[in-house]
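Visitor: I should like to be guided through this structure by means of questions and answers. May we begin?

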Amino acid sequence: MAAGKLQQELKKRQPFASLAQEALLNLSRTTDRVQIQFDRLFRQHGLTPSQYNILRILRGEGKPLPILEIASRTVTVVPGITGLIDRLEQAGHVQRRRCTEDRRVVYVELQPSGLAALELLDPLVAGLEAELAQGLKADELQTLSRLLEKLRAGWPSDDSA
C-alpha cells in the first residue's frame, strides 16, 4: 500500500501501526492547524478561543447564565472557567451577579462591549471558517461532521474531564 499524505508530511519511514492510528493522528494534526489559525485571530482582538466561546454562549442564550452552565456548554473542556470569566469581566465584556435565592450560584451576563467584540469578530470568524473548509464541498463537510460525531459517540462519557 502506498504511503498516505500524512506519512509523507511527517517524513515517517514506516507505515502507521493501524488505520486507527493514522486517522487519529490526521485528526490531531488537522485540529492543531485549525486551532493555530483561530488562536491568531482571537489574539489580535485580545481574546482566547475559550473566552470567545463563552461570549458566544452568553449571546446565544440571551440571558445571564450560571458559571457551571456555561462550563457545560463550552466546545472544549475548560478547567479554569473562573479565571476566564475573571479576564472577561476585567475587560468589561461580562458582569457577574450572585443569585439572590442561592448565594453559591453566580450568574454571568454579557455586557455591551462583549457583544460589540462578537459583532466585530463574526464576519472574521465566518471568513476564516470558509477559508479553512474551502477544500471540501458542502456534502463532504456534512459527512465529516457526522463521522466525527459517530467517532465521539463510541467513547466513554467525558463527565470526568
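Visitor: Which residue just after helix 3 takes a positive phi, and of about how many degrees?

Guide: Please note that the model is predicted. The residue in question is Gly62, placed just after helix 3. Its phi is positive, at about 80 degrees.

Visitor: What distance separates the end C-alpha atoms of helix 3, and what span should its residues give?

Guide: Helix 3 has 13 residues, and the rise is taken as 1.5 Å a residue. The span should therefore be 18 Å. The end C-alpha atoms agree with this, as they are 18 Å apart.

Visitor: Which residues of helix 3 are buried?

Guide: Buried means under 20% relative accessible area. In helix 3 the residues in this class are Ser50, Gln51, Tyr52, Asn53, Ile54, Leu55, Ile57 and Leu58.

Visitor: Against which helices do the buried residues of helix 2 pack?

Guide: Helix 2 has 25 residues and reaches 36 Å from its first C-alpha to its last, close to the 36 Å expected. Its buried residues are Glu22, Phe38, Leu41 and Phe42. The buried residues of helix 2 pack against helix 1, helix 3 and helix 6.

Visitor: Is Gln37 buried, partly exposed or exposed?

Guide: Gln37 has its place in helix 2 and touches Leu128 and Leu132, when residues up to four places away in sequence are not counted. Its relative accessible area is 27%. Buried would require under 20% and exposed over 50%, so Gln37 is partly exposed.

Visitor: How far apart in space are Gln37 and Ala23?

Guide: In sequence, Gln37 and Ala23 are 14 residues apart. From C-alpha to C-alpha, the distance in space is 22 Å.

Visitor: Which helix supplies the largest share of the lining of the largest pocket?

Guide: The largest pocket holds about 2300 Å³ of space. Of the 46 residues that line it, Leu27, Thr31, Val34, Val75 and Leu148 lie nearest its centre. Helices 1, 2, 3, 4, 6 and 7 each supply at least two residues of this lining. The largest share, 13 residues, comes from helix 2.

Visitor: How many residues of that lining are nonpolar, polar and charged?

Guide: The lining of the largest pocket can be divided by residue class. The division gives 25 nonpolar, 11 polar and 10 charged residues.

Visitor: Why does His93 count as buried, and which backbone nitrogen does its side chain reach?

Guide: His93 is placed in the loop between helix 5 and strand 2. It counts as buried because its relative accessibility is 13%, and buried means under 20%. Beyond four places in sequence, the residues that His93 touches include Leu47, Leu55, Leu88 and Ala117. At 3.3 Å, its side chain reaches the backbone nitrogen of Gly114.

Visitor: With which side chain does the side chain of Gln111 make a polar contact?

Guide: Gln111 lies in the loop between strand 3 and helix 6. Leaving aside its neighbours within four places in sequence, Gln111 is in contact with Gly92, His93, Val94 and Gln95. The polar contact, at 3.5 Å, is with the side chain of Gln95.

Visitor: Is Lys11 buried or exposed, and what is its phi?

Guide: Lys11 is found in the loop between helix 1 and helix 2. Its relative accessibility is 71%, so Lys11 counts as exposed. Its phi is positive, in a residue other than glycine, and is near 55 degrees.

Note on methods: Residues are numbered from 1 along each chain as its sequence is written. This is a predicted model: local features need pLDDT of at least 70, side-chain atom pairs count only at pLDDT 80 or more; totals for chains, interfaces and linings use all residues. Side-chain values use heavy atoms; hydrogens and water are left out. On a 1 Å grid over the protein atoms alone, a cavity is a set of points where a 1.4 Å probe fits but cannot get out, and a pocket is an open set with protein on both sides within 12 Å along at least five of seven lines; lining residues have an atom within 4 Å of a point. Grid points are joined across faces, edges and corners, and a volume is the space filled by probe spheres set on the points. Helices (H or I, at least four residues) and strands (E, at least two) are DSSP runs, numbered from the N terminus. Ala, Val, Leu, Ile, Met, Phe, Trp, Tyr, Cys and Pro count as nonpolar, Asp, Glu, Lys and Arg as charged, and the others, Gly among them, as polar. Buried means under 20% relative accessible area, exposed over 50%, partly exposed in between (1.4 Å probe, protein chains only). A polar contact is a pair of N or O atoms within 3.5 Å; within protein, one must be able to donate a hydrogen and the other to accept it, and residues adjacent in sequence count only if both atoms are side-chain atoms. Contact means heavy atoms within 4.5 Å. The expected span of a helix is 1.5 Å times one less than its number of residues.
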